[in-house]
Amino acid sequence: MPPPSQLAIATSSVTRLLKEEVSYHKELAQQEAQIKALQEKIESGQGNEDGNGEFMLKQHQTAVEQTKAVFVSLRERIEAAVTKLEDQIQVREQSGAPEQELEAAKAALAQAKAEQNGSS
């Protein structure tokens, strides 16, 4: 079995990074929901039974901030991967890559562009 082409590698890189971004968005939503639930417990007087409600709230808030910080570098990595994929598509179109490989690359590129436009 031949090794994957540079186009296939660039395509899978973009796809993986987009999935990673979706995963971080889900994680952030879960963390924010936990904070909201904990805040409601504290406000109602239930969350501070053992005296560490405020501490736990701060820990969750720190986790949210750390998750948000990941998005900046992740976005940069996605942009770099998209640029590389665009270059590989251009090179492979000129040199004659398999049509199926080009279609997969173009689909990944379109998805990345759509998500970039949606998050901007």
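What follows is a working chat about the predicted model of this protein.

Me: Before anything else, is this model predicted or experimental, and what secondary structure does the protein have?
Reply: The model is a predicted one, and the secondary structure of the protein comes to three helices and zero strands. Read from the N terminus on, the elements run α-α-α.

Me: What does the radius of gyration say about how spread out the protein is?
Reply: The radius of gyration is 21 Å, well over the 14 Å that the globule rule gives for 120 residues, so the protein is more spread out than a compact globule.

Me: And what does the C-alpha trace span along its principal axes?
Reply: The C-alpha trace spans about 70 × 35 × 20 Å along those axes.

Me: How much of the protein counts as buried?
Reply: Of the 120 residues, 28% count as buried. The accessible surface of the protein comes to about 7900 Å², and carbon and sulfur atoms account for 52% of that surface.

Me: What share of the contacts joins residues at least 24 apart?
Reply: If one takes the contacts between residues at least 6 apart in sequence, 74% of them join residues at least 24 apart.

Me: Switching to charges, how many positive and negative side chains are there?
Reply: The protein has 13 positive and 19 negative side chains, and the centres of the two sets lie 3 Å apart.

Me: How many aromatic pairs does the structure hold?
Reply: The structure holds one aromatic pair. Its members are Tyr-24 and Phe-71, whose ring centres are 6.4 Å apart and whose planes stand at 75°, so the pair is edge-to-face.

Me: Where do Tyr-24 and Phe-71 sit along the chain?
Reply: Tyr-24 belongs to helix H1, which covers residues 6–44, while Phe-71 belongs to helix H2, which covers residues 53–95. With their positions 47 residues apart, the pair links distant parts of the chain.

Me: Are those two buried or partly exposed?
Reply: Tyr-24 has 23% relative accessibility and counts as partly exposed, whereas Phe-71 is buried, with a relative accessible area of 15%. The cut-off that matters here is 20%, because buried means under that value.

Me: What about Gln-31, which helix is that in, and is it buried or exposed?
Reply: Gln-31 lies in helix H1, and Gln-31 is buried, with a relative accessible area of 12%.

Me: Which residues is Gln-31 in contact with?
Reply: Once its neighbours within four places in sequence are left aside, Gln-31 is in contact with Ala-63, Val-64 and Thr-67.

Me: Moving on to Arg-75, is that one buried or exposed?
Reply: Arg-75, which is found in helix H2, counts as buried at 15% relative accessibility. The C-alpha atom of Arg-75 is separated by 8.7 Å from that of Gln-116, a residue 41 positions away along the chain.

Me: And what is the accessibility of Met-56?
Reply: Met-56, also placed in helix H2, has 32% relative accessibility and counts as partly exposed. Between the C-alpha atoms of Met-56 and Ile-35 there are 9.0 Å, with the two residues 21 apart along the chain.

Me: Last one, what can you tell me about Thr-62?
Reply: Thr-62 has its place in helix H2 and is partly exposed, with a relative accessible area of 40%. The C-alpha atoms of Thr-62 and Glu-43 are separated by 20 Å, while the two residues are 19 apart along the chain.

Definitions and conventions
Residues numbered from 1 in each chain as written. Predicted model: local features only at pLDDT ≥ 70, side-chain atom pairs only at ≥ 80, totals over all residues. Heavy atoms only, no water. Helix = DSSP H or I, 4+ residues; strand = E, 2+ residues; numbered from the N terminus. Rg over C-alpha atoms; globule rule 2.2 N^0.38 Å. Buried < 20%, exposed > 50% of the residue type's maximum accessible area, 1.4 Å probe, protein only. Contact = heavy atoms within 4.5 Å. Areas by Shrake-Rupley, 256 points an atom, 1.4 Å probe, with all protein chains shown as cover. Lys, Arg positive; Asp, Glu negative; His and termini not counted. Charge placed at Lys NZ, Arg CZ, Asp CG, Glu CD. Phe/Tyr/Trp six-rings, centres within 6.5 Å; stacked < 30°, edge-to-face > 60°.
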